[in-house]
Amino acid sequence: MWCLELLLPLLFLSDVSGQWNVWVPRDISAMTNSCVVIPCTFMYPSGIRPYRGTHGIWYFGQPYPQLFPPVVFKSRTDVVHESYKGRSKLLGDLNQRNCTLLINNVGSEHSGRYYFRADLGGANMYTYPDFAELKVLDQPNIDVPEEIVSDESLELTCYAPDNCPDMTPEIQWMYTDYLPDPEFSSDYVEESNTAVLSSTLTFIPRPMHNGQLLGCRVYYSNTTLVYERLISLDIKYAPRSVWVNVSSEVMEGSSVTLHCEVDSNPPSRISWMFGDQEVVWDTASNISLSLDDVTPAQEGLYTCVGDNSYGAMNTSLYLAVKYPPREPQVNESVTVVEGASLALHCSTQGSPAPTLTWLKDGELVGTITADELSVLEISEITPQGDGLYRCLAENEHGRASSSLNVTVEYAPVLLDESKCTVVREGVQCVCMATGNPEPAIEFYLPDLNVTINETDGRFNFYTHTDGHTSTGMIKLREKGERVENGPAVNVHCSISNVYGRESVLLELQQEKKYMMAVIVGTIGGVAVIAFIIAAVRYVGHNNKKENGNPRQDVVLENPALYYSAVKKDKQNLRKKVLKTELLGSKFNSILEETTGEDGDYQAVGSFPGLERRELNYAALEFGAGARSREGASGRGDDGSSYTEVKAK
């Protein structure tokens, strides 16, 4: 604490002007309920002699007596303002021009300006315009920088006034345990006869210290006076963390909300970016982006950016939109020539990536591809490659497909079914070929130098097309026998389309089998008829012997039985003949549908010995009470009627 005695010599040395003048500290402070000493020295003109001593008055708030300011101290009387009774005391000697004032137990109501008035007697009274402003504090001052930046060294200073002679302050920092390596230093400053004790705290703040409390405590020894001041650290720092949702998957058509939180001081400008496009922004600590009815176009990388004047930071997430495969894009339907190479492309979109499968007429071809593009390569395509190709796209959310037709054009190919066959009415020749375009078929008879390529009643020419297969057929009366080194039937088949032409001689098949069937059938029929006739005569002869009447005709004991046997043998014989004839041709039924069983045929020749024969069958006639023919009816011994059976 400064010493009052050291002040006085300095004041006398300053008396050089001989004018009305005063020196007081412009600002002075004191803690509540403590005391304060206001140093004061005054001057007056040298030609003035104090009358009846030197007196003085201290005013509060106003320097003009006519405004009746509160009197703090008055040397002539003890009359003072009630708020200063028992508190104010003059420490200086007015005769020595020392007007130093002591105020005890100051309170907040004592804060303000203090003016001194010199009273030298008579008219020599003067109120000095200079003043001392007292600040009564209820807590110590802490000097805090306007800006505290993270990771930069920070100094905080706590001040306590030391302007009370009987009380010495002490300073202590509070809540410093969490600070990294704090440093403390103290200082004592005397200026203009006022004293201030200070304590400085030095440390490096971090973002984690933002908002933390620090305190300064001032207390006076041997008293109960304690004063505290708390501050909250406002530490500026760039965004140090940007939190967003984890990357997520959503179904097409659903809704999703993306959240972002940024840790920074001051709050950052936060924005959601989709690619290079800013979708939404706000100056806050967090922001949300809501997406409704999500489409695959909204799939991608979303970035949250936090930016303030101290720096920037961003974090991204990937939003995956799941959806079933779209309808695949495939080639247009195509027509190619046999032997060419072909590449079929199939592309689609789906999430997750679909598998692509190529099917031909429902059967798997190629390999299954787990990608959005599949290429089916066909080298040297064959006619078997013709058909409907379908690309099937599948993933866990659905499937889709697209189709195309591949048409393969190729030269005609003769089928094994092409041949001539002996049938009942003659020879039937069939020519079958496949090709694309459908081949044209014509027959050539070199013996007659005749080409048959259209409907002709003479040869019963017939054609039929089924897809890429063409069938041509003619029927001939020709029944010529096979000659040495030559065919029995000389028929050529010619097939053609835009890609080629071919002519072949049709082979005659199954002619021996047919002739054997006709011969065996005919002989068998005759044998059966002969057997029936012999059996009838034998029965009739026995009946005549038994009745003793040689002229009596044969009488059947069971006529229905004999009639049924004869009828069945006749039907079986006819079936054998027809069956034998039908064996001659695979396509006889087709011909009969178009021309009829007994159609007209061109008679070119005949097979010797195979002319149609007339067969005579036994005629059986029965009837109860039938009218008698001459020599053919009668009545038996038992009275039954009968009819004579005769063979022609």
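In this predicted model, the side chains of Thr 303 and Ser 316 are joined by a polar contact of 2.7 Å. Thr 303 belongs to strand β26. Its relative accessible area is 16%, and Thr 303 therefore counts as buried, the limit being under 20%. Beyond residues up to four places away in sequence, Thr 303 touches Ser 271, Trp 272 and Met 273, and also Asn 314, Thr 315 and Ser 316.

## Strands around Thr 303

Part of this neighbourhood can be followed through strand pairing. Strands β23 and β26 pair in the antiparallel sense, with 6 bridges. Within this pairing, Met 273 has Thr 303 of β26 as its bridge partner. Thr 303 thus appears both as the bridge partner of Met 273 and as a residue in side-chain polar contact with Ser 316.

Strand β23, residues 269–274, is also joined to strand β24, residues 277–283; the two run antiparallel and share 6 bridges. Phe 274 is matched in β24 by Gln 277 as its bridge partner. The two strands form a hairpin with 2 residues between them. Gly 275, in the turn, has a positive phi of about 70°.

## Disulfides

The structure contains 7 disulfides. Three of them are set out below.

| Disulfide | S to S distance |
|---|---|
| Cys 35 and Cys 164 | 1.5 Å |
| Cys 260 and Cys 304 | 1.8 Å |
| Cys 346 and Cys 391 | 1.9 Å |

The disulfide of Cys 260 and Cys 304 involves strand β26, to which Thr 303 also belongs. Cys 260 is located in strand β22, residues 256–265, and Cys 304 in strand β26, residues 300–308; the pair therefore ties together parts that are 44 residues apart in sequence. The torsion about the S-S bond of Cys 260 and Cys 304 is about -80°, so this disulfide is left-handed. Cys 260 counts as buried because its relative accessibility is 1%. For Cys 304 the relative accessible area is 0%, and this residue is buried.

The disulfide of Cys 346 and Cys 391 is left-handed because the torsion about its S-S bond is about -80°. Cys 346 lies in strand β30, residues 342–347, and Cys 391 in strand β34, residues 387–395, so the pair ties together parts that are 45 residues apart in sequence. Both Cys 346 and Cys 391 are buried.

The link of Cys 35 and Cys 164 is right-handed, with 100° about the S-S bond. This pair connects distant parts of the chain, 129 residues apart. Cys 35 is placed in the loop between β2 (27–31) and β3 (36–38), and Cys 164 in the loop between β14 (154–161) and β15 (169–174). Cys 35 is buried, as is Cys 164.

## The loop before β22

Gly 253 is found in the loop between β21 (248–251) and β22. With a relative accessible area of 41%, Gly 253 is partly exposed. Leaving aside neighbours within four places in sequence, Gly 253 is in contact with Asp 293 and Val 294. The C-alpha atoms of Gly 253 and Val 294 are 4.8 Å apart, although the two residues are separated by 41 residues in sequence.

## An open sheet of 3 strands

Strand β15, which follows the loop holding Cys 164, belongs to an open sheet of 3 strands. The order is β15-β18-β19, and the pairing is antiparallel. At the edges stand β15 and β19 (226–232), each with a single partner strand, so one side of each is left without a neighbour in the sheet. Neighbouring strands in this sheet are turned against each other by 15° on average, direction ignored. Strand β18, residues 213–220, pairs with β19 in the antiparallel sense over 7 bridges. Leu 214 is positioned opposite Ile 231 of β19.

## Confidence of the model

The mean pLDDT of the protein chain is 80, and 75% of its residues reach 70 or more. Among the stretches of low confidence are residues 548–568, over which pLDDT stays under 50. For this stretch the model has 34 contacts beyond four places in sequence. Residues 573–648 likewise stay under 50 in pLDDT, and the model has 122 contacts beyond four places in sequence for them. Predicted coordinates should not be read in detail where pLDDT is low.

Terms used:
Residues are numbered from 1 along each chain as its sequence is written. Side-chain values use heavy atoms; hydrogens and water are left out. A disulfide is a pair of cysteine sulfur atoms within 2.5 Å. Helices (H or I, at least four residues) and strands (E, at least two) are DSSP runs, numbered from the N terminus. Buried means under 20% relative accessible area, exposed over 50%, partly exposed in between (1.4 Å probe, protein chains only). Two strands pair if DSSP finds at least two bridges between them. Axes are lines fitted to C-alpha atoms, for helices over the stretch in contact, and angles run from 0 to 180 degrees between N-to-C directions. pLDDT is the predictor's confidence in each residue, from 0 to 100. Contact means heavy atoms within 4.5 Å. A polar contact is a pair of N or O atoms within 3.5 Å; within protein, one must be able to donate a hydrogen and the other to accept it, and residues adjacent in sequence count only if both atoms are side-chain atoms.
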